[in-house]
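Thanks for coming. I'll take the charged side chains before the nonpolar ones. Please have the structure open while I talk.

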Amino acid sequence: MEITRVFSLSRLEAGGSLHLSEEERHHVYKVLRGCEVDRIEVVDGTGRLFVAELAGKEEATVLEERPVPEG
């Protein structure tokens, strides 16, 4: 289940990894009570949308790109 959306200034690619900032870690793990293997949505610096899986306290594995909803 996706639990939140995170914004990253980096350009992401499926199969890559995302380093979570201290603020992002606090929000995901403490506020939302996320756990390893939970999934989050990530918008990268170019505006593309990805799904990533939490893989430890500081990183997430980028799984796939999703179409950005029109709206």
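Start with Arg 5. Buried is under 20% relative accessible area and exposed is over 50%, so Arg 5, at 39%, counts as partly exposed. Keep in mind that this is a predicted model.

What does Arg 5 form with Glu 41? A salt bridge, in which the closest N and O atoms are 2.7 Å apart. Arg 5 belongs to strand β1, residues 2-7, while Glu 41 belongs to strand β3, residues 39-43, so this pair ties together parts that are 36 residues apart in sequence. The two partners do not fall in one class: Arg 5 is partly exposed, but Glu 41, with a relative accessibility of 16%, counts as buried.

The count for the structure comes to eight salt bridges. As a reminder, side chains of opposite charge can pair when their charged atoms come close.

Next, Arg 48. Which residues pair with Arg 48? One of them is Asp 44, whose salt bridge with Arg 48 has its closest N and O atoms 3.2 Å apart. Another is Glu 65, and there the closest N and O atoms are 3.5 Å apart. Glu 65 sits in strand β5, residues 59-66, and Arg 48 is placed in the loop between β3 and β4, so the Glu 65 pair ties together parts 17 residues apart in sequence.

Buried or exposed: what about Asp 44? Asp 44 has a relative accessibility of 4%, so it counts as buried. Arg 48 is buried as well, at 17%. Glu 65 is partly exposed, with a relative accessible area of 42%.

These three residues belong to a network of salt bridges that also links Arg 11 and Glu 13.

One more charged residue, and this time the partner is a ring. Lys 57 lies over the face of Tyr 29, 4.1 Å from the ring centre. As for rings paired with rings, the structure holds zero aromatic pairs.

Now the nonpolar side. How many residues does the largest nonpolar core have? It has 13, and among those with the most contacts inside it are Leu 12, Leu 18, Ile 40 and Val 42. Helix α1, residues 22-31, supplies at least two residues of this core, and so does each of the strands β3, β4 and β5. Strand β4 gives the most, with three residues.

To close, go back to β3. This strand holds Glu 41 of the pair with Arg 5, and β3 also supplies at least two residues of the largest nonpolar core. That is all I have.

Note on methods: Residues numbered from 1 in each chain as written. Predicted model: local features only at pLDDT ≥ 70, side-chain atom pairs only at ≥ 80, totals over all residues. Heavy atoms only, no water. Phe/Tyr/Trp six-rings, centres within 6.5 Å; stacked < 30°, edge-to-face > 60°. Lys NZ or Arg CZ within 6 Å of the ring centre and 35° of its normal. Salt bridge = Lys/Arg side-chain N within 4 Å of Asp/Glu carboxyl O. Helix = DSSP H or I, 4+ residues; strand = E, 2+ residues; numbered from the N terminus. Buried < 20%, exposed > 50% of the residue type's maximum accessible area, 1.4 Å probe, protein only. Core = buried A, V, L, I, M, F, W, Y, C linked by side-chain atoms within 4.5 Å.
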